[in-house]
Amino acid sequence: MAVLEAAHGRRRRKGPHAGGGGGGAKDSIVASCSLMLCVTTPSKPSDPKPSKQTQILLDQMSKSADDDQSKWDQQEMKTQIELNNAKVDKCSADQQFIAQQVRANGQAVAQLTLRQFEEEKSSASHGSSSLVYDDEEEHFLNMFAKDKNLQKPEQSNVPERLWVSSTTMHLEGNAAKWYQAYKQTHPKISWITFCLAMEQQFGADDYRNALTELIDLKQTGTVEDYTTKFEQLQFDITMHSCHYDDLFFTSHYVSGLKDDIRAVVEPQVPTTIHRAAIIARIQQNVLDRGKNKYQKAPILHKPNPQHRTETKTQPVSGTLWRDRQLRDYRKVNGLCYTCGEKFEPGHIEVCSKRTKPHNNALVVNDLDRELSDDVLNQLAIEDALPEQFCQLSLNALTSTDTSNNIKLKTRVKNKFMLTLLDSGSSHSFVSAQFTQLAGLPTVPMSPRKVKLANGEWIVADRMRHSPMQCDWHLKTLAFEVNGRPVKLQAQALRGVRIEVTHRGEACQKYKIASLTTSPPSLQFFESSAGVQKSVADYFREAYKLEMHYDFLPCLQVGSDQRPNYLPMEVCKIVSGHQYWKKLDSQQVSKLMDSTCQRPSNRENNIRQVVEHNDYNRTERASEFGMEVDYRPTSVQARVLPAPTLKYRGTGSESLCCPKDGQWNMIKKQVVHGARVGNWACVNFCYELPRDVANIETYPIKFCSDLVKWSCTTGVDMDNLRLPIYLVRPEQVENDLHRLCQDAENKLRVQKIDLLLAILPEKNGNLYGNFKRICETEIGIMSQCCLDKNVRSAGPPYFANVAIKINAKFGGRNLEFANPKESLPVVSIEPTIIFGADVTHPAALDDTAPSIASVVASQDWPKVANYNGIARAQGHRKELIDGLEDIVKELLLAFEERSKQRPKQLIFYRDGVSEGQFKQVLEQEIPEIEKAWKARYNEKPKITFIVVQKRHHTRLFPNDRQWIDRSGNILPGTVVDKNICHPTEFDFFLCSHAGIKGTSRPTHYHVLRDDNKFTADALQSLTYNLCYLYSSCQSVPPPAYYAHKLAFRARFYVNQGSSDVATSVGSFGSSAPAAAAAGPNPLPEIKGELKRLMFYC
């Protein structure tokens, strides 16, 4: 008997579970801009229209210019036609060559097909199959033979028994000497053995070297040279293995291109190397044309019979578009090309800015401005650019503040700049005048045409990288202030209480409703006098405050009808404010470390808090005559023995006796191993494989080791026969279906069994989307592994993954050596064990549904496999809706699996507080009785147990003999006196080993017991059930599985990102009326997964 001290606190009602989710941000921020600032120059204001006489003259000159342009276009078209004819001739020749290859390939395919039929017939009679591909055999022959055009033995009508002899006659050099030595140790050599031995001896290094060289290959010269070298390595690899698909080669081809070429090729997402090479060559030509602007290039302008006066002024590439606009504008409006004033007869002589023309130049009114050949050459190059590079929307052009853009006033080097982030623009643009004024460095880039909202074009030829990083999916804007990183997120501050600092002692408090899209100097409101005034001006006049952080948005602390704007710099968050939003992984880790205390430290802290509060001296204690004992309550406890576990095999080696809630599977195999045949692996760590020196160690080696250790553990898992698929995390929606279809086509199966995923980090969005697509859209079992665990995986990790896969596929990891002793009451007659839980959305969410999940055992008397059902129900409704129908369905599944009907029922209910016990007795238990009576027409024998983990009771041992290595109480410690209810059936049980922090015992409360359990029997049953999971859990598997299924179903309704405490599915509406209409049903689990434990 152990004596414990119990720190017993007030029990509280169970709150919402932790998790991801939350309401999405408003639609004011949508996917828009890239992270590049293109430098442009603003246009000048319009000038007056010309007179009628000038207009007639301009029209005649325009007609003459159009005629000249037409002749030039005809000549250019003729040249283009000749080039096209040459390309057509080349394509015809290529098509003839391809046709010859197709005919040759057709003959080869026909021969291979006949051979395959013969091999299948031979395999059926002899029970063996070839392990060598035909293309690999041909590679072996051509690599070492004297005659490189040597045919295969079967093509030469050589009997199969002489294939090896006939082939070895043509070996030469080291290959011939090796064969003589190999024949002495292997007198009887089959054709398959010979091919594999040749590959192992001579081909392994070539394959590995070619693969490594292909991964490391980078473009240093032209695209053509790079493509030729890459295809050579590709063919070397495919000769040895045909398992690598186009996606593998294409992704590595694109990654090896030069940065300026890859930036254009990668967004096109080419699916083949041929397609990627075409795009790369086009981009290379564009870059080459851009470089010609800074070199002496042949003149491309049309010939002019009239002499042009050459000027010595070198053209500035960034102003050519201005020259064109200025020339066309003055031409249409009849203005002087030089000074822009109204052109009239005799203006040339009085124009102060115009140089005197030469004698042989036209002096009608000088509309043909003196342009050098260099200027015309550069104008021709720009005209040859693609029709559309970038777009600048109307909002960005006019600086209009709409719901689809963000307007930020930025201070750069003490100069203010208005930055507009807009969904209609492909880039962000800043004027060249501002970059010169602020002294901002820019770098040259290939000229890019920018299409304005009014249909006109401008050209940007310099670039400055943006200091802001925009993530439109997560709706965040990141930048730096005085070297410190700052990240703003839409809706992240909604509901946070703040207090102002500009009113002195009158510290008024507000609650943030939203953020504005404009800084204080650009955020206007209507004053009491009816005057429009900016927030910055108001604070300057009313409080004598100048805005030092005018680039930050304002806080909106009022209502939509009566908004109230406050600058951020006059606000601070109220101290002691409770944070309701979701924490990131780093914050969660730090929080757990700070609250995770060893049992001895926690006990001392509890004692110190009680003594510090000094309850006996409080006024209320004196009034009621109460006295508080500052010492913990001493209670008697028992330690239940652990059950004896049994694995596959006979004898003592198959038995296992856990100690302190822990055991290992050394030299042990699962009782019933599942079969995993065809499977694939997808790697979401897109950037990581390029940094690995030896690609065989990551992640191919992981898959190989997983298969090895799975077989050692007793799981029948085949080798991976497909290449590792590489997918970007943001493309999981689009690529996962295609990936599975490609794997099924290559393996020639209707559906693969398992999809193994390697995730870069604990990313709730990626994990949730991956699971949702696999289970509700494709219908395939999945298993996720973190990249950091994959890199450092050892035997324990492989064993844990193997037994999880085994449980998901319906296998059984272990069983009790003495079922009657370990499963009291349950082992006597057929029993179905239920587990149920309800999870709720976050505290700040008022529309998302609650998720109810119920699981039930299917394989009496083993009670290791469970079938589960999850449903969405009303917002924050704790009692399970439609429990009668759920129980009926699970009873039917039990009969189908166990081939008999259950005689008694045990129900573990999680997530119910003490204040809801009466509701459960009046609503849920009658629903179970109705389902049983409808099925079996009799009253059921129900044992209903509530499982509670959220309480403040901790147990600390007085004697060191009753503690484990972490200082916690031993697994199996049970307390049912003193601190329990005096008349009702409840107890505290700690069934797991404390690894970190202080163990929290689970409180079990029996609401109904028709099966007449004794306290010892029910406590022993509950404790022993915890060992049927892969490791000893703190709650029985039925309750734990129901908890996991409910959280898995949360991903099915959570389609977007969120920032609140649990995942939320809003079903497309945030209005309370949408929630009142009832939740949408959860998507159905596809295929056979609904009968398996895919959620474990």
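# Notebook: contacts, rings and charges in a predicted chain

I began with the contacts in the chain between residues at least 6 apart in sequence, and found that 70% of them join residues at least 24 apart. I note here that the model is a predicted one. I then counted secondary structure, which gave 29 helices and 38 strands in the chain. For burial I looked at the 1096 residues of the chain, of which 44% count as buried. The accessible surface of the chain came out at about 58200 Å², and carbon and sulfur atoms account for 50% of that surface.

**Entry: helix α23**

I looked up helix α23, which runs over residues 795–808 and has 14 residues. From its first C-alpha to its last the helix reaches 20 Å, close to the 20 Å expected at 1.5 Å a residue. I asked how much of α23 is covered, and noted that ten of its 14 residues are buried. The buried residues of α23 are Tyr797, Phe798, Ala799, Val801, Ala802, Ile803, Ile805, Asn806, Ala807 and Lys808. Just after α23 I came to Gly810, which takes a positive phi of about 90°.

**Entry: aromatic pairs**

I searched for aromatic pairs, and the count came to 24. One that I followed up is the pair of Tyr767 and Phe1051, which is edge-to-face, with 5.7 Å centre to centre and 75° between the planes. Tyr767 lies in helix α21 (residues 764–778) and Phe1051 in helix α28, so this pair ties together parts that are 284 residues apart in sequence. I checked the accessibility of each partner: Tyr767, at 26% relative accessibility, counts as partly exposed, whereas Phe1051, at 18%, counts as buried.

I next took up Phe1094 and Tyr1095, an aromatic pair that is also edge-to-face, with 5.3 Å centre to centre and 80° between the planes. Both Phe1094 and Tyr1095 are buried. I then asked which residues form one aromatic cluster with Phe1094 and Tyr1095. The cluster takes in Tyr866, Tyr1029, Tyr1040 and Tyr1041 together with these two.

I also looked for a charge over a ring, and noted Arg901, which lies over the face of Tyr936 at 4.2 Å from the ring centre.

**Entry: salt bridges**

I searched the whole structure for salt bridges and recorded 36. Asp593 forms one of them with Lys996, and the closest N and O atoms in this pair are 3.1 Å apart. I placed the two partners in distant parts of the chain, 403 residues apart, with Asp593 in helix α16 (residues 585–595) and Lys996 in the loop between β37 (985–990) and β38 (1002–1009). Asp593 is partly exposed, with a relative accessible area of 43%, while Lys996, at 59% relative accessibility, counts as exposed.

I turned to Glu777 and Arg772, whose side chains meet in a salt bridge at 3.2 Å, N to O. Here Glu777 counts as partly exposed at 36% relative accessibility, but Arg772, at 3%, counts as buried.

I then looked at Arg1008 and Glu929, whose side chains meet in a salt bridge at 2.5 Å, N to O. Arg1008 lies in strand β38 and Glu929 in helix α26 (residues 917–936), so the pair ties together parts that are 79 residues apart in sequence. Arg1008 is buried, with a relative accessible area of 18%, and Glu929 counts as buried at 16% relative accessibility. I noted as well that salt bridges with shared partners join Asp537, Arg540 and Glu546 into one network.

**Entry: two loop residues**

I looked up Ser1034 and found its place in the loop between α27 (1015–1025) and α28 (1037–1053). Is Ser1034 buried or exposed? Ser1034 has 17% relative accessibility and therefore counts as buried, the cut-off being under 20%. Leaving out residues up to four places away in sequence, I listed what Ser1034 touches, namely Lys949, Ser991, His992, Thr1002 and Tyr1004.

I closed with Leu552, which is found in the loop between α15 (535–543) and β17 (554–556). At 14% relative accessibility, Leu552 counts as buried. I also looked up the separation of Leu552 and Glu569, which are 17 residues apart along the chain and whose C-alpha atoms are separated by 8.8 Å.

Technical notes
Residues are numbered from 1 along each chain as its sequence is written. Side-chain values use heavy atoms; hydrogens and water are left out. Helices (H or I, at least four residues) and strands (E, at least two) are DSSP runs, numbered from the N terminus. Buried means under 20% relative accessible area, exposed over 50%, partly exposed in between (1.4 Å probe, protein chains only). Contact means heavy atoms within 4.5 Å. The expected span of a helix is 1.5 Å times one less than its number of residues. Rings of Phe, Tyr and Trp (its six-membered ring) pair if their centres lie within 6.5 Å; planes under 30 degrees apart count as stacked, over 60 as edge-to-face and the rest as tilted. A charge sits over a ring if NZ of Lys or CZ of Arg is within 6 Å of the ring centre and within 35 degrees of the ring normal. Accessible areas come from the Shrake-Rupley method with a 1.4 Å probe; for residues, only the protein chains shown count as cover. A salt bridge is a side-chain nitrogen of Lys or Arg within 4 Å of a carboxyl oxygen of Asp or Glu.
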